[in-house]
Amino acid sequence: MSDTLTGLSAGTWTIDPTHTEVGFVARHLMVSKVRGSFTDVSGTVVVGESLADSTAEVVIKTASVATGTADRDGHLRSGDFFDSETHPDMTFRSTSFDGSTLTGDLTIKGITKPVSLDVDFGGVATDPWGNEKAAFEASGELDRTQWGLTWNANLEKGGVLVSEKIKLVIDLQLAKQA
């Protein structure tokens with residue numbers, strides 16, 4: 001593996017869901033922020049001999065959306081947004097990674113579009129039980145309407161209830177597989 005990610009060895013790594021958060025931030029009423037996350041995330045990263053040979057596949061269960069408000073979570077699971085019954089999975093498949101930018105195809109509601117995320121490598125450590133772990137932070141912004149997430153409400157004094165631009169904030173821990 002390239003020195004760009006010092007200590008990250010080639011092989012298969014899986015997402016450690018108890019130490020991973022896929023979060024998002026949306027503007028509400030155009031003045032405040034609503035934060036949420038998805039609590040059911042799984043996936044695999046195959047680290048190649050070079051970054052160009054590495055791949056990532058992630059599955060996020062749309063019904064696991066959590067914002068801290070049951071009514072809002074139910075609305076996000078509905079056909080107005082994720083339509084979790086019909087589209088239970090949101091997927092990401094990488095197409096390239098250069099050590100600082102991860103590019104891939106994000107599929108939501110059956111619509112696939114390219115996205116790029118800024119990535120910071122946190123390092124590699126061995127836990128007290130001898131398991132090798134790696135950590136990454138990723139962030140980016142997307143326009144939710146590109147994936148058919150178009151529901152909104154106009155505000156009396158202008159603007160809309162929910163921003164089209166969504167910030168993604170991802171804290172990822174991987175576990176090396178034997």
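These legends go with a handful of close-up views of a predicted model.

**View 1. A hairpin built from E8 and E9.**
Here we zoom in on strand E8, residues 101-108, and strand E9, residues 111-126. The two pair in the antiparallel sense, with 8 bridges between them. To find your way along the ladder, look for Asp105, whose bridge partner in E9 is Pro114. The hairpin has 2 residues between its strands, and Lys109 in that turn has a positive phi of about 55°.

**View 2. E9 again, this time with E10.**
Follow E9 onward and you meet strand E10, residues 132-143. E9 and E10 run antiparallel and are joined by 8 bridges. A handy landmark is Phe121, which has Phe136 of E10 as its bridge partner. This hairpin has 5 residues between the strands, and Gly130 takes a positive phi near 85°.

**View 3. A patch of negative charge on the surface.**
Five residues gather here: Glu21, Asp118, Asp120, Glu137 and Asp171. Glu137 sits in strand E10, the strand that pairs with E9 in View 2. With a relative accessible area of 46%, Glu137 is partly exposed; that clears the cut-off for patch members, which need over 30%.

**View 4. A patch of positive charge.**
Now for the opposite sign: Arg27, Lys33, Arg35 and Lys167 form a positive surface patch. Lys167 belongs to strand E11, which covers residues 162-176. How exposed is Lys167? Its relative accessible area is 42%, so Lys167 counts as partly exposed.

**View 5. A nonpolar patch around Met30.**
Leu29, Met30 and Val31 make a nonpolar patch of about 280 Å² on the surface. Met30 lies in the loop that links strand E2 (21-28) with strand E3 (32-38). Its relative accessibility is 38%, so Met30 goes down as partly exposed.

**View 6. Asp83 and its distance from Ala135.**
Asp83 is found in the loop between helix H1 (70-77) and strand E7 (89-97). Is Asp83 buried or exposed? Neither label quite fits: at 21% relative accessibility Asp83 is partly exposed, since buried means under 20%. Keep Ala135 in the frame too, as the C-alpha atoms of Asp83 and Ala135 are 31 Å apart. Along the chain, 52 residues separate the pair.

Methods. Residues numbered from 1 in each chain as written. Predicted model: local features only at pLDDT ≥ 70, side-chain atom pairs only at ≥ 80, totals over all residues. Heavy atoms only, no water. Patch = residues over 30% accessible without salt bridge, like charges linked within 9 Å, V, L, I, M, F, W, Y side chains within 5 Å. Areas by Shrake-Rupley, 256 points an atom, 1.4 Å probe, with all protein chains shown as cover. Salt bridge = Lys/Arg side-chain N within 4 Å of Asp/Glu carboxyl O. Lys, Arg positive; Asp, Glu negative; His and termini not counted. Charge placed at Lys NZ, Arg CZ, Asp CG, Glu CD. Helix = DSSP H or I, 4+ residues; strand = E, 2+ residues; numbered from the N terminus. Buried < 20%, exposed > 50% of the residue type's maximum accessible area, 1.4 Å probe, protein only. Pairing = 2+ DSSP bridges.
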